[in-house]
Amino acid sequence: MNATPYPTLFSPMRIGPKVARNRTWMSAHATLLVKDHVFTDEHVAYYAERAKHGVAVITMEAMAVHETSLPYRGKALSFDPRMVPQYRKIADAVHEHGALLLAQPWHRGRETNSVASGHPVWAPSAVPCAVYREMPHVMTVQDIDAIREGYRLSARHARDGGLDGVEVHSMSHGYLLNQFLSPATNHRDDAFGGSLENRLRLVMEIIQATREEVGAEMIVGVRINSDDGHEGGLRPDDWAEIASRMTASGLIDYVSCSHGTYLNRMLIYPTSPESHGFQMAATRRVKQAVDKPVVGVGRIVTPAEAEKHLANGDCDFVAMARALIADPEWVAKAQRGEAEDIRPCVGANWCMSSIFAQAPIACIHNPAAGQEKELGAGTLRRAERPKKVAVVGGGPGGMRAALTARQRGHEVTLFERGQELGGQVRLWSRAPSRTELAGVADWLERQVVKAGVQIRTQTIATEDMLLADGYDSIVVATGSKGLRHGWTPLRPERWNGAPVPGTDQPHVISYMEALRDRIAPGQRALIYDGLGGRQAVVTAEYLASQGAQVEFVTWLGQPAPDLAASRDWGKTYGMLKRMGMRFATDLELVAIEGPVVRLRDVYTKEEVVREAIDTVVLALGAEAQDGLFHALAPRRAAGLDLRLIGDALAPRRADSAIREGEAAGRAI
């Protein structure tokens with residue numbers, strides 16, 4: 001009898017000439033670990049970490065088949081022969097642990113711009129992308145030939161590099177081959193436009209060229225959509241027909257399904273609270289139309305979810321990207337029956353925000369993501385001499401510091417002045433769309449308890465107490481406090497002076513205070529945002545969900561522009577509009593006179609007044625609560641090991657606090 005609670009998930013399956021040891025698949029995703037357009041030793045460690053812990057198949061990140069597909073400088077080129085020795089390094093490392101490794105050649109078509117490449121954007125027709133909005137060059141027959149040959153050369157390099165197969169990409173997510181397939185973006189009247197047979201022509205030629213290069217001994221698969229998700233695009237029945245035609249050719253071994261185009265990127269990599277498995281109904285339609293293994297994706301986070309979709313016949317393999325970024329040991333933990341110890345993907349999309357900032361792949365609560373060589377499993381060493389350690393502050397940074405220090409063998413006490421651990425993460429998770437964020441705090445709390453950290457809540461750790469108890473090391477993670485002075489970055493000279501008149505009134509509160517408290521239904525609330533990040537929108541949603549009438553005001557040109565990095569600005573803005581929220585931009589806060597809020601247009605200086613406001617919420621940033629650190633600092637001269645992390649060091653994000661907590665725990 002199979003002892004695993006996930007019998008389908010952990011059953012092997014053949015993919016063409018190869019056998020996958022189980023049904024887990026790491027889907028392709030950008031890492032920005034690329035240097036000079038080729039893979040690096042960091043890639044070796046990144047993929048090997050997932051293979052070591054049980055992933056069956058890994059599709060490496062998308063690689064450009066032509067110089068016209070270069071969205072940024074950190075993109076790998078699959079047509080570059082320098083990739084071959086790098087492939088060999090990665091293949092050797094991954095094969096050592098029993099996983100299969102695939103290349104993913106691809107071209108973005110119109111869904112990019114010409115800034116990084118210096119070449120015009122190529123597309124089948126002159127239809128600009130909704131995100132980049134650059135008018136493309138209409139591809140000639142010679143251009144089409146060049147793309148086909150780019151795929152052929154990419155397949156040859158994959159073969160020479162010792163990979164197990166090639167996943168032909170660009171049919172999903174609105175990329176170049178999707179643009180040829182879809183009548184919404186293909187307006188050609190030649191052999192590559194019009195009928196489905198013509199629109200499919202280039203795809204079939206590329207698949208044929210790929211198979212010719214790799215032979216029968218390697219896997220050839222395709223990445224397609226199962227739903228474009230927009231009017232005029234290809235829908236599930238269309239994709240089922242396309243998949244059927246491709247598999248009938250006998251040239252491919254599997255079909256990997258996804259969703260969406262750049263018209264709605266939240267169908268590609270949705271943030272919370274998108275329902276888990278949201279793509280599976282359309283994927284099942286494709287599976288019913290083909291006789292090859294089908295790979296499904298779509299916010300699959302837990303082993304139970306994966307098992308359900310496999311057992312129901314929605315797909316044959318479950319692919320994950322963000323879940324395996326969050327926890328490379330996902331598969332091994334599931335197989336050991338330790339599902340609750342899996343570090344959950346919470347749908348924060350910090351991985352996307354990191355890439356947007358041109359930084360290597362990262363995770364909101366896995367500090368080792370992208371740094372496996374330094375921080376991956378097996379790199380933490382026991383301390384030579386156990387110490388008595390105090391961590392003050394039970395937010396994510398404090399819990400991470402306590403956990404890592406305890407794992408190194410230290411005796412650790414964690415102090416938290418409040419009733420529960422979790423810090424601001426707990427506050428943010430009160431907004432309906434951010435409830436999954438509590439998974440960060442929940443996972444850390446389970447781990448510190450399991451590790452044997454002594455936890456003292458509702459305890460204010462003072463200088464005298466800590467010194468009297470004789471701690472060798474003290475980590476100060478006391479967080480931050482929301483600012484209420486009323487000033488934005490427009491007025492840097494005012495920040496240390498008198499506050500905006502009226503901000504000291506009882507009905508004027510910071511966003512942190514607003515998230516801690518409740519508001520009476522029907523109250524009129526005005527949120528003034530000076531940051532442009534997620535703080536104000538989370539607070540606005542929380543208040544509106546309680547029945548408040550909320551107006552969102554900012555000095556910026558649009559509400560919360562920083563959400564573009566996580567790709568969910570439109571999703572969030574639309575959600576708030578549907579909740580009845582009003583928005584006003586380009587307005588500076590001038591004064592608050594009881595229920596009257598006085599504002600001024602940033603550009604025209606015209607006064608704007610809001611009346612009958614019950615609550616004013618200020619989202620202006622936060623100030624570090626570092627008093628304890630400075631009180632203890634003189635003791636360093638006497639040998640006290642003292643460290644300051646997270647918001648107490650500088651108010652930022654949860655990932656910064658967790659990363660610094662990890663570093664502090666390793667250094668003690």
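How many of the five residues of strand β14 are buried? Select residues 411-415 to find out. Four of the five are buried, and the strand is mostly covered. Keep that strand in mind; the tour returns to it. Remember as you go that this is a predicted model.

**Stop 1: the whole protein**

Zoom out and show everything as a cartoon. The protein has 22 helices and 27 strands. Its radius of gyration is 27 Å, close to the 26 Å that the globule rule gives for 668 residues, so the protein is as compact as a globular protein of that length. Turn the view along the principal axes. The C-alpha atoms fill a box of roughly 75 × 65 × 45 Å.

Now switch on the surface. About 24,900 Å² is exposed, and carbon and sulfur atoms supply 49% of that area. Of the 668 residues, 62% count as buried.

Colour the charges next. There are 77 positive and 79 negative ones. The mean positions of the two sets are 2 Å apart.

How is the chain tied together? Take the contacts with a separation of 6 or more: residues 24 or more positions apart account for 71% of them.

**Stop 2: strand β5**

Select residues 100-106. This is strand β5, and seven of its seven residues are buried. Show the side chains. Leu100, Leu102, Gln104 and Trp106 point one way. Leu101, Ala103 and Pro105 point the other way.

Add residues 57-64, which form strand β4. In which sense do β4 and β5 pair? They are parallel, over six bridges. Pick out one pair: methionine 63 has proline 105 of β5 as its bridge partner.

**Stop 3: helix α3**

Select residues 141-160 for helix α3, then click serine 154. Is serine 154 buried or exposed? With 2% relative accessibility, serine 154 counts as buried. Its contacts beyond four places in sequence are Val65, Ser78, Phe79 and Pro105. You have met Pro105 already, as a residue of β5.

Stay in α3 and click aspartate 145. Here the relative accessible area is 31%, and aspartate 145 is partly exposed. Now add leucine 202. Aspartate 145 and leucine 202 are 57 residues apart along the chain, yet their C-alpha atoms are separated by 9.1 Å.

**Stop 4: backbone oddities**

Select serine 170 in strand β8, residues 165-171. Phi of serine 170 is near 105°, a positive value in a residue other than glycine. Serine 170 is also buried, with a relative accessible area of 0%.

Jump to glutamine 358. Look in the loop between α12 (350-356) and α13 (372-375). Glutamine 358 is not a glycine, but its phi is positive, about 60°. Its relative accessibility is 47%, and glutamine 358 counts as partly exposed.

Which peptide bond should you look at next? Go to the one from serine 272 to proline 273, which is cis, with omega near 10°. Proline 273 sits in the loop between β10 (254-259) and α8 (280-289).

**Stop 5: helix α9**

Select residues 303-311. The buried residues of this helix, α9, are Pro303, Glu305, Ala306, Glu307, His309 and Leu310. What do they pack against? Add α8, β12 (317-320) and α11 (330-335) to see their partners. Then look past the helix. Glycine 313 follows α9, with a positive phi near 80°.

**Stop 6: back to β14**

Select residues 411-415 again and add strand β13, residues 388-392. Five bridges join β13 to β14, and the two strands run parallel. Find valine 392. Its bridge partner in β14 is phenylalanine 415.

**Stop 7: histidine 507**

Finish in the loop between β17 (480-482) and β18 (508-510), where histidine 507 lies. Which residues does histidine 507 touch, not counting those up to four places away in sequence? Show Ile592, Gly594, Pro595, Ile613, Asp614, Thr615 and Val616. Add valine 617 as well. Histidine 507 and valine 617 are 110 residues apart in sequence, and their C-alpha atoms are 8.4 Å apart in space.

How values were computed. Residues numbered from 1 in each chain as written. Predicted model: local features only at pLDDT ≥ 70, side-chain atom pairs only at ≥ 80, totals over all residues. Heavy atoms only, no water. Rg over C-alpha atoms; globule rule 2.2 N^0.38 Å. Buried < 20%, exposed > 50% of the residue type's maximum accessible area, 1.4 Å probe, protein only. Contact = heavy atoms within 4.5 Å. Areas by Shrake-Rupley, 256 points an atom, 1.4 Å probe, with all protein chains shown as cover. Lys, Arg positive; Asp, Glu negative; His and termini not counted. Charge placed at Lys NZ, Arg CZ, Asp CG, Glu CD. Pairing = 2+ DSSP bridges.
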